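Please open the model in a viewer and keep the sequence beside it. The tour below proceeds by selection, one region after another.

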Amino acid sequence: MLAGRKILLIITGGIAAFKAIDLMRMIKKAGGDVQPILTKSALEFVTPLTAGTVAGNPALSELFDLGREAEINHIELVRDADLIVVVPATGDFMAKMAHGFADDLASTAILARDKHVIVAPSMNVRMWEAAPTQRNFQTLVDDGMSFVGPDKGEMACGEFGLGRLAEPDVIFAAIKDYFFTFGENLPLKGKRVLVTSGATREPLDPVRFLTNASSGKQGTAIASALRAAGADVEFITGAADVPPPDGVNVTQITTAQDMYDAVHEALPCDVAIFCAAVSDWRPKAVGDKKIKKNGDGTAPSLEMVLNPDILHSVAQLEPDQRPQLVIGFAAETNDVVKHAEAKLVRKGCDWLLANDVSAGSGTFGGDHNSIIFFDGQGHQEWAQMSKAEVGQKLTNQITSYLKQPD
Ligand code: CTP
């Protein structure tokens, strides 16, 4: 997700400095590169060995480090980075940044910056609320820096209020957001992609409904990979076991008809992916009161009517309204290839990802998927992989397809 991104992480001295180590782990796990700089006071809380080991890059501290002077070029450090993050930022360091002090490596890097800076302050509530800090905060915002936190809560000193460092996952989300919003060269930047996901619910009466076992995990993983590639994602979801991914536009629906309406409202788009498990039918009559027992020992019978086929309706749109690429899924329990080939033609979609959802396949609700990919020319079996990898592979296929000349 952050592959190839270089983050210059400035750690200043504060009791929360250890949380910068957790943040580094998250950045590394997402494929990013971290160059840590520790101020002199940060060394009281974090050792250069810990910071350097977790980052996989030596932690730098001094502007003029004996024996390495030639190597530490603060201008190059900043030029090399894609983003600068200050975690935690003390009141003192905020003052230095606001006033252009440059008496150590960290403050010099800030003064020489040509990159965006995200600041996560951490200090005692009185220090945060103090007029000089608030003036510095305003100056730094005016200078174009963005802030995460501080949070309200109990402080290490026992006082309560604003000043706690934001949690590492929140700072991490801000970093990802920065690259999504401002990142150049993302392959799907400017592309609008619609994804349906999760299970629809068809009510029988106010307390009962018909649904299926879809967890929404595959649709969520696809939307997340598309977003990471820079796409604007319209995520239209029914019931799911997992929350929607960050950074997508979510429309929550209940029934197949709701999903149909939301999809057509969200058009036009460049690519539409239909991952939702949509109920093919719904009860003809929906009771406005709870359906009672028959009283004569018999069960009521259900009359069903067909739901609209959303994928089919989009695949059949006129060329000026139809997405360039319409992608369906096929949930099959037997004869997967035969049924999927017929489904691709019947639905009129461009690609189809077929998966075996028979009992024992572990697809519904699981974290892995075995896909057979159909592109109208033939089919290709993908090795079993995680749903996140399926999302990434599909995103790569979409990117290559959209890159082709018309
Ligand atoms: N789909 C849809 N609207 C429906 C039913 C299905 O958009 N009313 C989409 C699904 O999101 C999926 C594809 O159609 O992308 C195939 O779904 P699937 O349940 O496998 O197929 P069905 O059309 O329901 O056909 P069948 O039940 O006969 O296999």
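How many nonpolar, polar and charged residues does the lining of the largest pocket have? The lining has 17 nonpolar, 19 polar and 7 charged residues. In this count Ala, Val, Leu, Ile, Met, Phe, Trp, Tyr, Cys and Pro are nonpolar, Asp, Glu, Lys and Arg are charged, and the others, Gly among them, are polar.

Before selecting anything, please note that this is a predicted model, in which local features need pLDDT of at least 70 and side-chain atom pairs count only at pLDDT 80 or more, while totals for chains, interfaces and linings use all residues. Residues are numbered from 1 along each chain as its sequence is written, and side-chain values use heavy atoms, with hydrogens and water left out.

**The whole chain**

Display the full chain first. The C-alpha atoms fill a box of roughly 85 × 55 × 40 Å along the principal axes. The chain has 13 helices and 21 strands; these are DSSP runs numbered from the N terminus, with helices being H or I of at least four residues and strands E of at least two. Of its 406 residues, 49% count as buried, where buried means under 20% relative accessible area, exposed over 50%, and partly exposed in between, with a 1.4 Å probe and protein chains only.

Next, colour residues 6-182 as domain 1 and residues 192-403 as domain 2. These bounds come from an automatic or database domain assignment. The C-alpha centres of the two domains lie 43 Å apart.

**The core in domain 1**

Select Leu9, Met24, Val85, Val87, Ile171 and Ile175, the residues with the most contacts inside the largest nonpolar core, which has 33 residues. A nonpolar core is a set of buried Ala, Val, Leu, Ile, Met, Phe, Trp, Tyr and Cys residues joined through side-chain atoms within 4.5 Å. At least two core residues come from each of β1 (6-11), α1 (18-29), β2 (33-38), α2 (48-55), β3 (83-89), β4 (117-121) and α8 (168-182).

Now centre the view on Met24. Setting aside residues up to four places away in sequence, Met24 touches Leu9, Ile11, Val34, Pro36, Ala51, Val54 and Ala55; contact means heavy atoms within 4.5 Å.

Move then to Val87, which is joined to Pro88 by a cis peptide bond with omega about -15 degrees. Pro88 lies in strand β3.

**Between the domains**

Select Met1, Phe180, Ser224, Ala225 and Ala228. Where does the second largest pocket lie? Domain 1 and domain 2 both give residues to its lining, so the pocket lies between them. A pocket is found on a 1 Å grid over the protein atoms alone: it is an open set of points where a 1.4 Å probe fits, with protein on both sides within 12 Å along at least five of seven lines, and lining residues have an atom within 4 Å of a point.

The second largest pocket has a volume of about 660 Å³, the volume being the space filled by probe spheres set on the points, which are joined across faces, edges and corners. The five selected residues are the closest to its centre among the 26 that line it. Two or more lining residues come from each of α8, α9 and α13 (387-403), and α9 gives the largest share, 6 residues.

Select Gly190 next, in the loop between α8 and β8. Gly190 is exposed, with a relative accessible area of 60%. Beyond its neighbours up to four places away in sequence, Gly190 touches Gly230 and Asp270. Gly190 and Asp270 are 80 residues apart in sequence, yet their C-alpha atoms are 9.6 Å apart in space.

**The largest pocket**

Finish with Ala276, Ala277, Val278, Phe329 and Ala331, which lie nearest the centre of the largest pocket, lined by 43 residues. About 1000 Å³ of space lies in it. Among its lining elements, β16 (325-332) gives the most, with 4 residues.

Follow the chain from β16 into the loop before α12, where Asp335 is found. Asp335 has a positive phi of about 40 degrees although it is not a glycine, and at 45% relative accessibility it counts as partly exposed.
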